[in-house]
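Reader: Could you take me through one part of this protein up close? I'd like to start with a single helix and then see what sits around it.

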Amino acid sequence: MAADDDARDCDVLILGASMAGIDVLYQLRRRLPGRALDVVVVDRQATHGYIPLVQERLCARIDRAGSTLETQRVVDADPRARFVLGEVRSFDPARREVELAGGQRLRGRFVVIALGSVVTPPAGLPGREHALGYKFSAGFDGAAAALERALTREGDAVPHFVVVGGGISGVELAGDLAHLGAARPSSWRAPRVTLVQSAARLLPALTPRAGRLAARFLGRQGVELRLGTRVVELREHELVLRTRQSTSASGGPYREGDGDGQVTLACDGVFWAGGVRPAPALARLNLPTTEDGWLRVGPTLQCFPEPRPRWPEIFACGDAVRIFGGDREAPWPTMQRAIECLWQADLVARNIVQLVAHNAVGAGRSGYPPPLAPHTLREDFFHGVSMGSRSMIVYGPMAVELGAGGVWFRRFLMRQYFRRYRGLARA
Ligand SMILES: Cc1cc2nc3c(=O)[nH]c(=O)nc-3n(C[C@H](O)[C@H](O)[C@H](O)COP(=O)(O)OP(=O)(O)OC[C@H]3O[C@@H](n4cnc5c(N)ncnc54)[C@H](O)[C@@H]3O)c2cc1C
């Protein structure tokens with residue numbers, strides 16, 4: 001261990017406490033040597049809503065408090081862990097020291113970066129500040145308030161919400177907004193819902209059949225689809241669209257959107273579900289990044305993966321990372337999904353324990369670091385996609401309709417997820 005480690009605040013400093021970060025703590029505690037480590041977890045949110053069902057939380061289909069993990073409470077209940085509420089400002093890899101907004105500094109013998117991703121409009125989009133973000137608490141609360149305000153407003157005009165992005169998150173949110181037509185809190189009205197998608201079909205990352213099923217499910221629930229359509233500007237209560245090719249829910253054309261013309265659509269709010277970008281903090285960490293701003297890690301999930309790494313104790317995992325190395329030139333085609341976060345958190349914990357064990361048997365720095373285990377690439381895993389009252393399961397080329405069964409199954413998975421962290425207090 002280097003001399004400066006004497007001044008550290010903890011054995012393991014975890015930055016980010018969402019699906020990847022909190023699971024590193026869980027996985028450390030599942031291993032005997034990991035239970036002896038002092039851990040500090042930093043996040044700007046003291047709780048995190050269950051992101052895979054964020055659309056159900058937003059539309060008040062499931063209880064919001066009951067679908068929130070009390071991250072700070074869970075961490076602080078662990079006798080050897082401490083939660084620090086704060087904004088990560090910068091990181092010094094040589095000192096393994098993070099600086100928080102407000103000036104507080106924390107050092108760890110091992111550091112794990114799990115600061116994830118954001119879902120925001122591209123930097124150059126005029127009026128991007130009008131988009132409603134809803135992934136994290138800060139945006140979620142504002143988006144939920146905007147939705148409730150519009151749906152409880154008196155008057156004749158039907159509230160209208162637009163979802164931008166026809167990937168999984170976008171179709172799920174559009175489906176749940178449309179489902180408010182069938183079931184909703186008693187004081188709410190049902191909104192009109194439009195889904196805008198730049199590609200010519202829904203769910204472009206999945207099979208064409210899955211895209212067709214999604215279009216059918218949404219169309220039957222009254223969602224207006226604008227495919228092949230780009231948002232060119234957001235304004236307060238309206239957005240400007242440019243349509244290359246457009247299709248309504250019924251399959252017929254939108255007259256005003258034909259050709260290359262622009263149309264302006266009045267609405268009460270625009271939910272942005274169009275693409276995942278690196279968390280802004282990743283650019284301030286002095287760590288290797290890809291051209292588009294993700295953390296560049298090796299197969300062992302170390303930020304410095306060379307054979308004699310300068311700082312072998314710095315790891316990163318979850319949405320924040322792109323894996324390079326092994327026998328592949330390009331970044332590994334890993335998924336930015338909850339299950340991938342859990343697999344990566346498991347590996348990070350395993351490799352930290354391995355480095356700790358190497359020092360514990362007296363080998364010290366000789367032969368340090370020992371070879372660590374690489375991540376196992378799994379390019380696909382089944383997708384449960386719920387759209388209001390309908391759902392499907394997609395795996396490779398297969399897309400099977402599940403009716404409401406998928407909705408209940410995913411709630412079951414959420415309860416299992418929360419159950420996972422109850423044991424931390426007993427570690
Ligand atoms: C709308 C939506 C729906 C999804 N649905 C599914 C699904 O159904 N199934 C599935 O498998 N996956 C789903 N995903 C993907 C899944 O949610 C992500 O893969 C997962 O959340 C990534 O976890 P993470 O911990 O790596 O990062 P994130 O969840 O992005 O969390 C990053 C954490 O870092 C914190 N943070 C960031 N910057 C700072 C800073 N500067 N200072 C302090 N703290 C900071 C944040 O507060 C947050 O807690 C969905 C994602 C979205 C956006």
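Author: Here is a walk that starts at helix α7 and moves outward from there. Keep in mind that this is a predicted model.

Let's begin with the helix itself. Helix α7 covers residues 208–220. What span should its 13 residues have at 1.5 Å a residue? The expected figure is 18 Å, and the end C-alpha atoms are 18 Å apart, so the two agree.

Now for its surroundings. Ala210, Gly211, Leu213, Ala214, Ala215, Phe217 and Leu218 of α7 are buried. An α-helix has 3.6 residues a turn, so residues three or four places apart point the same way. That is handy to have in mind when you look at the list of buried positions. What do the buried residues of α7 pack against? Their partners are the helix α6 (168–179) and the strands β12 (192–196), β13 (224–226), β22 (383–387), β23 (390–395) and β24 (398–401). Just after α7 comes Gly222, with a positive phi of about 95 degrees.

Two of those partners, β12 and β13, lead us into a sheet. This is an open sheet of five strands, with parallel pairing and the order β10-β17-β11-β12-β13. Strands β10 and β13 are at the edges with a single partner strand each, so one side of each has no neighbour in the sheet. Further in, β11 (residues 160–164) pairs with β12 in the parallel sense, over five bridges. To find the register by eye, look for Phe161, whose bridge partner in β12 is Val193.

Follow the chain back from the edge strand β10 (131–132) and you reach a loop that links it to β9 (117–118), and Leu125 sits in that loop. Is Leu125 buried or exposed? Neither, quite: Leu125 has 19 C-beta neighbours inside 10 Å, so it counts as partly exposed; the cut-off for buried is 20 or more. Leu125 also makes contacts with residues far along the chain. Leaving aside residues up to four places away in sequence, Leu125 touches Val231 and Leu234. Between Leu125 and Val232 there is a separation of 107 residues in sequence, yet their C-alpha atoms are 6.7 Å apart.

Let's zoom out to the domains. The assignment gives domain 1 (3–44 + 86–119 + 276–380) and domain 2 (128–275). Their C-alpha centres lie 37 Å apart. Across the boundary, four residues of domain 1 are in contact with five residues of domain 2. On the domain 1 side, the residues that touch domain 2 are three nonpolar and one charged, with no polar ones.

Over in domain 1, strand β1 (residues 10–15) is worth a stop: six of its six residues are buried. β1 pairs in the parallel sense with β8 (residues 105–113) over five bridges, and with β2 (residues 39–43) over four. Ile14 stands opposite Val112 in β8, while Val12 stands opposite Val39 in β2.

Last, the ligand. Which residues come nearest to it, out of the 33 around it? They are Gly16, Ser18, Pro52, Gly116 and Gly318. Domain 1 and domain 2 each supply at least three residues to the shell. Helix α8 (residues 338–360) gives the most, with three residues. By class, the shell has 17 nonpolar, 10 polar and six charged residues.

Terms used:
Residues are numbered from 1 along each chain as its sequence is written. This is a predicted model: local features need pLDDT of at least 70, side-chain atom pairs count only at pLDDT 80 or more; totals for chains, interfaces and linings use all residues. A residue is near a molecule or strand if its C-beta atom, placed from the backbone, lies within 6 Å of it. Helices (H or I, at least four residues) and strands (E, at least two) are DSSP runs, numbered from the N terminus. Ala, Val, Leu, Ile, Met, Phe, Trp, Tyr, Cys and Pro count as nonpolar, Asp, Glu, Lys and Arg as charged, and the others, Gly among them, as polar. Domain bounds come from an automatic or database domain assignment. The expected span of a helix is 1.5 Å times one less than its number of residues. A residue is buried if 20 or more other C-beta atoms lie within 10 Å of its own, exposed if 12 or fewer, and partly exposed in between; C-beta atoms are placed from the backbone. Two residues are in contact if their C-beta atoms, placed from the backbone, lie within 7 Å. Two strands pair if DSSP finds at least two bridges between them.
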